[in-house]
Amino acid sequence: MSEHGREKRDAAFKAAQVSVLLNAALMTMQITIGWLAYSDGLLADGVHTLTDLAADGMVLAVLRLSATAAHRSINGQDDRYETIGSLLISLLLIATGMETLWSSLAHMTTATNVAGASTVHASALVVAVFAIAAKEGLFRYIMSVAQRTRSTILVASAWHARSDAISALVAAAGILGSMAGVAISDRLAAAVIGVMIARMGFNLGWKTFKDSFGRTASEPAGH
Ligand SMILES: [Zn+2]
């Protein structure tokens with residue numbers, strides 16, 4: 001591998017590791033405070049961050065496999081590993097989204113949330129707002145590395161961080177609504193987050209499928 005190639009690979013690894021550290025810290029805060037402050041929305045976003053950690057693990061595995069393949073000079077392997085990794089992440093997101101939606105709908109029919117309370121504590125709002133800022137910062141950082149290293153899996157990972165910021169925004173809105181006296185808004189936020197996670201997974205899976213299988217099919221047409 002060239003000096004330049006090694007440099008790019010190290011930058012990609014570093015970006016994935018930064019994502020792991022940030023998500024681990026965020027998940028701990030979201031689940032702990034989500035539970036203590038009685039927020040279903042923040043809890044749902046915490047579970048979401050847990051799947052983000054799993055996705056990070058897959059990104060790291062794909063980067064490692066790609067690096068090994070490049071080392072062995074096997075052309076075309078990079079794409080194949082990235083495709084499998086992206087498809088696995090998409091399946092994970094779809095499953096988590098459905099689970100989150102399902103459990104929040106189940107809680108919607110009762111007057112209380114998971115922890116058995118009807119109003120959310122303000123500390124949940126602080127964590128949700130922090131999550132918005134952290135995920136938006138992560139999006140910008142990973143995207144800059146993705147463009148520099150031309151890594152498709154890092155581009156996917158960056159867009160994921162951006163939609164995570166929007167998911168945290170939904171959680172914050174739900175918490176605000178609950179604090180204003182509309183208790184169901186927090187549960188509604190959890191349901192919306194579930195749909196968002198599943199939709200993200202579907203879009204990623206579809207895009208990966210089109211990019212890797214559609215491309216070969218349309219090649220004779222001269223694209
Ligand atoms: Zn996510």
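These are my notebook entries on a predicted model, taken up site by site.

**Entry 1, the zinc ion.** I began at the metal and listed its protein donors, which are H48 through NE2, D52 through OD, H160 through NE2 and D164 through OD, at 1.9 to 2.1 Å from the zinc ion. I then looked at the angles that the four donor atoms subtend around the zinc ion, and because they run from 82 to 152°, I noted the arrangement as irregular. Written along the sequence, the spacing of the donor residues is H-x3-D-x107-H-x3-D. For the pair H48 and D52, I found both residues in helix α2 (residues 40-71), four residues apart and therefore separated by about one helical turn. I kept in mind that an α-helix has 3.6 residues a turn, so residues three or four places apart point the same way. Both H48 and D52 came out as buried.

**Entry 2, salt bridges around D52.** I next turned to charged pairs, for which the count comes to six salt bridges. One of them joins D52 to K135, with 3.0 Å between the closest N and O atoms. Since D52 belongs to helix α2 and K135 to helix α4 (residues 122-149), this pair ties together parts that lie 83 residues apart in sequence. I checked accessibility on both sides: D52 is buried at a relative accessible area of 2%, and K135 is buried as well, at 3%. D52 thus appears in my notes twice, as a donor of the zinc ion and as the salt-bridge partner of K135.

**Entry 3, salt bridges around E136.** Moving along helix α4, I found R140 in a salt bridge with E136, the closest N and O atoms being 2.9 Å apart. These two residues are four apart in helix α4, so about one helical turn separates them. Their accessibilities fall in opposite classes, as R140 is exposed with a relative accessible area of 56%, whereas E136 counts as buried at 18%, the limit for buried being under 20%. E136 also meets R162 in a salt bridge, at 2.8 Å from N to O. That pair links distant parts of the chain, with E136 in helix α4 and R162 in helix α5, 26 residues apart. R162 counts as partly exposed, at 26% relative accessibility. Salt bridges with shared partners also join D52, K135 and D164 into one network; D52 and D164 are both among the donors of the zinc ion.

**Entry 4, helix α5.** I compared the length of helix α5 (residues 152-179) with expectation: at 1.5 Å a residue its 28 residues should span 40 Å, and because its end C-alpha atoms are 41 Å apart, the two values agree. Just after α5, I noted that G181 takes a positive phi of about 110°.

**Entry 5, nonpolar cores.** Last, I examined the largest nonpolar core, which has 28 residues, and in which V59, L63, I89 and L154 touch the most other members. The elements giving two or more residues to this core are α1 (3-36), α2, α3 (77-108), α4, α5 and α6 (184-218). I followed I89 in particular and, leaving aside residues up to four places away in sequence, found that I89 touches A55, M58, V59 and L204. A second, separate core has nine residues, including L125, V127, A172 and I175.

Notes: Residues numbered from 1 in each chain as written. Predicted model: local features only at pLDDT ≥ 70, side-chain atom pairs only at ≥ 80, totals over all residues. Heavy atoms only, no water. Donors = N, O, S within 2.8 Å, 3.2 Å for Na, K, Ca; no water. Tetrahedral: all angles 85-135°; square planar, octahedral: opposite > 155°, others 65-115°. Buried < 20%, exposed > 50% of the residue type's maximum accessible area, 1.4 Å probe, protein only. Expected span 1.5 Å × (residues − 1). Salt bridge = Lys/Arg side-chain N within 4 Å of Asp/Glu carboxyl O. Core = buried A, V, L, I, M, F, W, Y, C linked by side-chain atoms within 4.5 Å. Contact = heavy atoms within 4.5 Å.
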